[in-house]
Amino acid sequence: MQLPAKMIHSLFLVNSSGDIFLEKHWKSVVSRSVCDYFFEAQERASEPENVPPVIPTPHHYLISVLRHRIYFVAVIQSEVPPLFVIEFLHRVVDTFQDYFGVCTEAAIKDNVVVVYELLEEMLDNGFPLATESNILKELIKPPTILRTVVNTITGSTNVGEQLPTGQLSVVPWRRTGVKYTNNEAYFDVVEEIDAIIDKSGSTITAEIQGVIDACVKLTGMPDLTLSFMNPRLLDDVSFHPCVRFKRWEAERILSFIPPDGNFRLLSYHVSCQNLVAIPVYVKHNITFREGSSQGRFELTLGPKQTMGKGLEAVLISSQLPRGVLNTNLNPSQGTYNFDPVTKLLSWDVGKINPQKLPSLKGSMSLQAGASKPDENPTINIQFKIQQSALSGLKVNRLDMYGEKYKPFKGIKYMTKAGKFQVRT
Amino acid sequence: PSSSPRHDDLKEMLDSNKDSLKLEAMKRIVAMIARGKNASDLFPAVVKNVACKNIEVKKLVYVYLVRYAEEQQDLALLSISTFQRGLKDPNQLIRASALRVLSSIRVTIIVPIMMLAIKEAASDMSPYVRKTAAHAIPKLYSLDPEQKDCLIEVIEKLLADKTTLVAGSVVMAFEEVCPERIDLIHKNYRKLCNLLIDVEEWGQVVIINMLTRYARTQFLNPNMNEDKEEKEKKKTEATAIVKRKPYVMDPDHRLLLRNTKPLLQSRNAAVVMAVAQLYFHLAPKAEVGVIAKALVRLMRSHSEVQYVVLQNVATMSIKRRGMFEPYLKSFYIRSTDPTQIKVLKLEVLTNLANETNISTILREFQDDHFNDKDFVAATIQAIGRCATNIGEVRDTCLNGLVQLLSNRDELVVAESVVVIKKLLQMQPEQHSDIIKHMAKLTDNIQVPMARASILWLIGEYCEHVPKIAPDVLRKMAKTFTNEEDIVKLQIINLAAKLYLTNSKQTKLLTQYVLNLAKYDQNYDIRDRARFIRQLIVPTDKSGALSKYAKKLFLALKPAPVLESPFKDRDHFQLGSLSHLLNAKAGGYQVLPDWPEAAPDPSVRNVEVKESVPEWTKCSSREKRKEKKADKPFYSDSEGESGPTESADSDTASGSESGSGSEESGSGSESEESNEESESASEEDEEEEGKKKKKNVEKIKARKPVPESESDSQPNTIASVQVFDTICKPAWLYMQFLLNPPLPVSVPQTIIPSGNLKTYELLHRITGEGLSVEYCFSRQPFSPDPHMVAVKIQFTNSATSEAKSLHVEDAKLQSGMRIKEFPEIEVLPAGETISVVMGIDFCDSTQAANFQLCTHTRKFFVSIQPPVGELMMPIFMTENEFKKEQGQLMGMNEITEKLTLEEKCQGEHAVVQRVTTAANLSRVPCGSDKECRFAGKTVTSGSLVLVSVVTKEDGAAQLTVNCEKMVIGTMLVKDIHQALTQ
């Protein structure tokens, strides 16, 4: 008799047309027909992202995540925290992305052996074993074009010749024996603003989420500290495991031995209690008249509270009501596109020049005889502001201990729109 | 099947001398496995390469071996010796990898080899090998559960390990092999708390979940005084004497809360959720608030994470609403959210609604975009729930909903009608204009459920709209034949009610409708018509009932309760799969209720020598620049590579020189130990105090601790309750609301004549003269209909009288409840007395454990119900039976063929045996080849339908339909046994 084992039993990768293109089992093989329950749920869901992440079946549970239009479906046999599995699956995707640059069906199929080797190391008997990218890279070298060519000629391998020591290390997230000729540490402070603006232009909610992504290429075992001018701004933070928590609690200083290469040092949240500056405004006039087959559409954008920095890469998108057949609009700059099938309007605005505000004006043609749509469309805005963190967060200084050389340090700021919506 | 030439090709490559060819072949084979293609015929060719020098080839061979060994057991044995050699390798990484592969080969023959290898690895010098040993334990256990006792020994040994590397893995093994052995944790509890922050993320989750359960068995409820007050407010019955003891938190309880809190800052959502559930289940009310911010942060993660977090927030927000109120805006709905996220956000917003924020929330509901059909329905229902919960806004909500009645979308209107109906039921007098408005809608609205709702409403409140009601009936009579069944039923109801209140105008119409119904195709409609005609139209023959027809039809019906589907879901441990599905998943460990009195805290004391652990060491280089405060963070991970590793023989290998140099700086152990973190030193002081009493405690420790007694009771049911995952469809509930309960004659229960089986609760000898027996009396338990009545019979065969017999200290699975019998003051010698107690078994056959007390003694007893006693009979017609059976198909239906025992052939015998085995009532049936029985489970009222079809020669087919599949499965077994033996 075999008992139902805990944790992750099997993994199936399913593409957007519903084909299973990879399977991996950590215990006895589970027939791929178990995915039929998943396909049923997929059929019932109106949108790909509406497939329930947890699906019970008579003998198993399916827990899935959707990323890059691939479903990662884990098969579970008994009680396990669902977030445990979900978080792990996302970690798998992140690892693939890190290894192959992209996480697409083609990339996974091309590198199927590396994928298999990675999955083998990441789980043992369904329980996570090595999920730190630094450790994995010691075990399995990421494929590069050069290496692939060399390997095919010489028959050498992708598997690290040395035995991995990271797992035994003092700081499991860092490789040992790191050496660089140019020692550099770059930090990107990237903030995203989420907001809902109502019809009249007043803010319903606005909040800022930020991350500090680091790219650290330093020799040896450097020990870094990073301090802020205004750490009080950070309302809620979560750390990479390398950050010493107590030091943060006591002094509001980030002290850590960094992993080698790219990693996310910190995610933070600036609460909506602090007034959040809204960097863009929209003037809109979208009307449908009862009984008429024409509707008016007018949109003007302008900068607001951007601390003197320009708005770039502005992109407007909006789901127009079903009744809209076509649009006849005239952008003052950039290009616009309306898909009559999906009813998706998108307008690539580009940079906003405060002297000459961009606008999109014209008419919409409606289905003749149809009644006027109940709701006005919501407008989604994307934009970027370079060299500025909207919250005003500023890094004070970065110091290195533990190694003798002088590293090159750099810090960059950027703001992006997250889920920025204007209701009309 | 002959292998394809392609495979011959691969075999040739595998047999060649060149590693590059072998590698190429293995890569192609692994790609086949990944695509799910069968590559098993290559097994002999592949397994030859298990000792290949090339690391990548070797690794791929391992991948292949683990995948196919189960199918080719004999051939797989060829590889074992290679791994056995590997287990003795001087390099720890090779030892670990050999153990990992060896333990992954699922071949039963090698169980003894695996056991030996695990035992040896558990005492290995290298913590990495010990970690691998911990990982191997569940593998072996699932291969051969009989090794449990041996494995528990290994687990016990590894639990004592002081390295962070091992901690997570061994707790995982503990959870899989022996989660009931809480006693193994005592001595390691403080260590686990202190190590926690440095354990890897996945191990943290497992440890935190386990410690939550542990704490629930060892500490007192920090909210006990408040909870008791609440209880008192609810029931004024003086059931329990409330002892208001001042609450003092056990320092170990505090230690757990303090050491988990920083992990709310983890980047790993699973860790954050684990800490959040720990705080929700264990922290004093005032401290739970800290988790809200972290949970709200998770909401910005991937949508799957959001989905799980919102489910948990929905449950939490019912119990602790105040906690999430400051974050109300974070739950606002975005048009880009997937529908399943929107619906959950709506649920949370509805739970958070109160007088002050309701206007904002309602505005938010209205702003929502109505292009998402599933979501519209949910929004309207949410408005309905706000209206019922918050009296102040009921009218506002109602007006809003009435406005929606003129919406162009029929679904919006239909949903609004259904919700308005429920709201109006609460105060119909004031809203006759709304009822009139709705009456007009019958001309346009086509959705059957909405039409049915309107008709029911008009019928129910026909006295408020005396002019319109007959007119509606007139129109409905015209369209009767074209209506859906649920609408037809409501037309008949409307006709009946009008006939009773206004027979002058509606007599003819009613008769017309009843005549139409008489010839309807649907059984139910014909039945209903016949029944109503008998009841309302007075004839010579009609009995006493028709006098009361008006009372029967127009009785005041209780208003429906609109409540959250997340209510009371917190009896499942939050964050668990079972909580998410609201059904117990296999392997779920019930979160126990707090004990009434705390078990002895000294079990957690450790010898002082052990409490200066090596993980407090710190390299001198580190010390130079680090403040005291953050030492524990890194220090323990250094400890782990301390003496164990340096003693290992392979530190000489070049790749490890890096970590070797680390160690060289770590010699300052004694100096460091003074600087231990706050918590550890606290612990020390405590221990020194305890040390003086050590001798006393040693004696104590030998005594069995009370909770280990209850733990050791066999838990036979747990494994059966695996797939109880089906939720009751909401529309069944809706239908029930629309069809107001009809008066029916009290179902006649068929009680098997006098032969109720009695069970022994307490034997005369253990009870020192007091013997106790019990039986399931199969009578409804009047104080609480959700409880099973248990008749208990005390016989005092001692020479002296027994005094004050009562129940105490019930140790129940979560959700179970007991209603004790009133205390028996005196039972004279030689006398017998019977009492009845009620037990809510929660529709499970788990035993209810409690103590039976006399004035001098206490006895641990337990009552375990046979599955057949968890139900009560209900009355059903043949048609209803067929209809319900039709809805419980698929997984809810279990069919078994059997051969009836000789004495059991014949209708009477079958009925007798089935009703003895299960508390069901007979359902009339046209055929004499079939016997049908119906009942519902006592706690949840889930239907249980049984039918036995007999064929020639004693062959028979047994079918059980029940949405609770576990109950169904067990019932089949019991009835099968009853009929065949």
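## A walk around a cavity between two chains

By class, 13 nonpolar, 7 polar and 4 charged residues form the lining of the second largest cavity. Here Ala, Val, Leu, Ile, Met, Phe, Trp, Tyr, Cys and Pro are nonpolar, Asp, Glu, Lys and Arg are charged, and the others, Gly among them, are polar.

Some housekeeping before you click. You're looking at a predicted model, where local features need pLDDT of at least 70, side-chain atom pairs count only at pLDDT 80 or more, and totals for chains, interfaces and linings use all residues. Residues are numbered from 1 along each chain as its sequence is written, chains are lettered from A and ligands numbered from 1 in the order in which they are written, and side-chain values use heavy atoms, with hydrogens and water left out.

**Stop 1: the cavity.** Select A:E79, A:V80, A:P81, B:E175 and B:N209: of the 24 lining residues, these are the closest to the centre of the second largest cavity. Its volume is about 330 Å³, and the whole structure has 11 cavities of 30 Å³ or more. A cavity is a set of points on a 1 Å grid over the protein atoms alone where a 1.4 Å probe fits but cannot get out; lining residues have an atom within 4 Å of a point. Points are joined across faces, edges and corners, and the volume is the space filled by probe spheres set on them.

Now colour the elements giving two or more residues to that lining: α2 (82-100) of chain A, plus α10 (164-177), α12 and α15 (269-282) of chain B. Helices are DSSP runs of H or I, at least four residues, and strands are runs of E, at least two, numbered from the N terminus.

**Stop 2: B:M210.** Stay on chain B and pick B:M210, in helix α12 (residues 201-218). B:M210 counts as buried because its relative accessibility is 0%; the cut-off is under 20% relative accessible area, with a 1.4 Å probe and protein chains only. Beyond neighbours within four places in sequence, B:M210 is in contact (heavy atoms within 4.5 Å) with B:V171, B:F174, B:E175, B:I185 and B:L192. Try a C-alpha distance to B:E175: 7.4 Å, with the two positions 35 residues apart in sequence numbering.

**Stop 3: B:Q92.** Next, go to B:Q92 in helix α6 (residues 92-104) of chain B. B:Q92 is buried too, at 1% relative accessibility. What joins the side chains of B:Q92 and B:S126? A polar contact of 2.4 Å, meaning N or O atoms within 3.5 Å, one able to donate a hydrogen and the other to accept it; residues adjacent in sequence count only if both atoms are side-chain atoms.

**Last stop: chain A.** Zoom out to 7 helices and 23 strands. Of the 424 residues in chain A, 58% are buried.

Key
Buried < 20%, exposed > 50% of the residue type's maximum accessible area, 1.4 Å probe, protein only. 1 Å grid on protein atoms, 1.4 Å probe; cavity = no way out; pocket = protein on both sides within 12 Å on 5 of 7 lines; lining within 4 Å.
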